[in-house]
Amino acid sequence: MRRIHPTRATALIVPAALAFTLAACGDDSEPAADEPIDTVVDTTAAPTTPPTTAPPTAPPTTVADGYEHPTGADEVVVSIAYEGGFMTMEATFAQLPSLLVTGDAREFSLGPQIEIYPGPLLPNVQLADIGEAGIQELLALADEHGLLQDREYDADTNVADASDTVVTISANGETYVHRAYALGLGGGPGMTEETGDRAELQAFVDAALMTLGTSETEAFEADAYLVRSFPIDDVSGYEIEPTIVEWTVDGVDLAAASDCVEIPADQVADLFVDANQLTFFEQDGTTYQLAVKPQLPGDSC
């Protein structure tokens with residue numbers, strides 16, 4: 001069960017009671033003794049139409065005193081990613097966020113990876129539904145560490161070839177991007193203690209990633225994959241011999257995918273699911289290594 005931040009209360013919606021009082025008015029004068037009393041019933045009057053009931057409205061997207069946020073399935077509320085660093089171009093392209101939460105309360109995360117080489121071509125992406133309470137918990141955590149504001153982070157120049165930690169948060173009509181180089185590595189070997197704003201950012205990342213696995217997850221099935229091709233001139237230099245298979249996807253030219261191409265999953269799922277990091281693809285006499293990642297919300301070529 002997820003922890004709800006103690007400073008946030010659950011919204012209570014109490015419908016207002018409406019009272020309608022009908023009063024009849026009449027003449028106070030008494031009729032004369034010899035004057036007949038006639039009671040007239042108007043049978044031509046239209047029947048009273050009962051009041052119409054307004055259609056139900058969508059439930060609010062935030063709890064009382066909570067944080068407003070995007071609500072679309074393709075809109076990112078919180079993302080924690082690592083960019084750059086000392087790695088190949090293929091690995092850089094295929095990097096995915098460690099945590100991504102969308103406006104409809106879906107949580108994407110990286111599941112356990114098989115520690116073999118070559119590993120599977122496709123990453124193990126897990127999907128969970130954390131609900132509105134889970135979104136509010138993360139936004140409250142970000143607020144607690146001062147991340148609902150713009151900040152600049154000092155770069156640690158004593159660390160080489162490290163990646164940038166990139167935290168993106170969309171709340172209350174604003175989007176904040178926090179980028180810190182070599183976060184968690186401090187001043188170098190033996191000095192891992194962060195201070196100031198870097199310490200606050202590191203504390204948020206640690207706490208947010210600690211929540212992973214507390215909700216039931218399932219394997220994410222992508223609707224499309226983002227693919228980048230790298231021509232291979234010589235396959236003989238690999239310690240493990242690559243497997244070369246024919247590229248059988250109609251309408252997709254790997255020569256034109258040197259930057260990025262989006263391919264529907266139903267065209268390549270069977271081809272990719274059996275491939276590993278040393279599965280290369282041949283088209284028109286050229287051999288290509290592919291960097292592949294499932295398309296997540298907010299990502300595109």
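**Inside a predicted model: questions and answers**

Student: Which residues does R198 touch, not counting residues up to four places away in sequence?
Tutor: Contact here means heavy atoms within 4.5 Å. With residues up to four places away in sequence left out, the partners of R198 are Y153, D154, D156, A180, Y181, A182, L183 and G184.

Student: Before we go on, what kind of model is this?
Tutor: Residues are numbered from 1 along each chain as its sequence is written, and side-chain values use heavy atoms, with hydrogens and water left out. Local features need pLDDT of at least 70, side-chain atom pairs count only at pLDDT 80 or more, and totals for chains, interfaces and linings use all residues, as this is a predicted model.

Student: Is R198 buried or exposed, and what is its relative accessible area?
Tutor: R198 sits in helix α3, residues 196-210; helices (H or I, at least four residues) and strands (E, at least two) are DSSP runs numbered from the N terminus. Buried means under 20% relative accessible area, exposed over 50%, and partly exposed in between, with a 1.4 Å probe and protein chains only. R198 falls under the first cut-off and is therefore buried, with a relative accessible area of 9%.

Student: What distance separates the C-alpha atoms of R198 and E152?
Tutor: Along the chain, R198 and E152 are 46 residues apart. In space, their C-alpha atoms are separated by 9.4 Å.

Student: How many of the contacts in the protein chain, as a percentage, join residues at least 24 apart?
Tutor: Some background on the chain helps: its secondary structure comes to four helices and twelve strands, and 38% of its 301 residues count as buried. The contacts considered are those between residues at least 6 apart in sequence. Among these, the share that joins residues at least 24 apart is 71%.

Student: Why do the buried residues of α4 count as lying on one side, and what arc do they cover?
Tutor: Helix α4 spans residues 265-273, and its buried residues are A265, V268 and F272. They lie on the same side of α4 because the arc they cover around the axis, taken from the directions from the helix axis to the C-beta atoms, is only 95°.

Student: Which residues are exposed on the other side of α4?
Tutor: An α-helix has 3.6 residues a turn, so residues three or four places apart point the same way. The buried residues of α4 are covered by elements including β8 (224-232), β10 (261-264), β11 (279-283) and β12 (286-294). On the other side of α4, the exposed residues are D266 and D270.

Student: Which element gives the largest share of the lining of the largest pocket?
Tutor: A pocket is an open set of points on a 1 Å grid over the protein atoms alone, with protein on both sides within 12 Å along at least five of seven lines, while in a cavity a 1.4 Å probe fits but cannot get out; lining residues have an atom within 4 Å of a point. The largest pocket holds about 700 Å³ of space, and of its 27 lining residues, A91, A94, P120, L121 and Q277 lie nearest its centre. Two or more lining residues come from each of α1 (89-94) and β12. The largest share, four residues, comes from β12.

Student: And which element gives the largest share of the lining of the second largest pocket?
Tutor: The volume of the second largest pocket, the space filled by probe spheres set on grid points joined across faces, edges and corners, is about 410 Å³. Of its 18 lining residues, S79, A81, E83, P97 and D299 are the closest to its centre. Five lining residues, the largest share, come from β1.

Student: Which residues line the largest cavity?
Tutor: The count comes to one cavity of 30 Å³ or more, with about 30 Å³ of space in the largest. Strand β3 (residues 106-110) supplies three residues, the largest share of the lining. The full lining is L96, P97, L100, F108, S109, L110, V125 and L296.

Student: Where is the residue D284, with its positive phi, found?
Tutor: Most residues other than glycine have a negative phi, and most peptide bonds are trans. D284 has a positive phi of about 50° although it is not a glycine, and at 73% relative accessibility it counts as exposed. D284 is found in the loop between β11 and β12.

Student: What is the relative accessible area of N172?
Tutor: N172, also not a glycine, has a positive phi of about 55°. This residue is found in the loop between β5 and β6 (174-181). N172 is partly exposed, with a relative accessible area of 42%.
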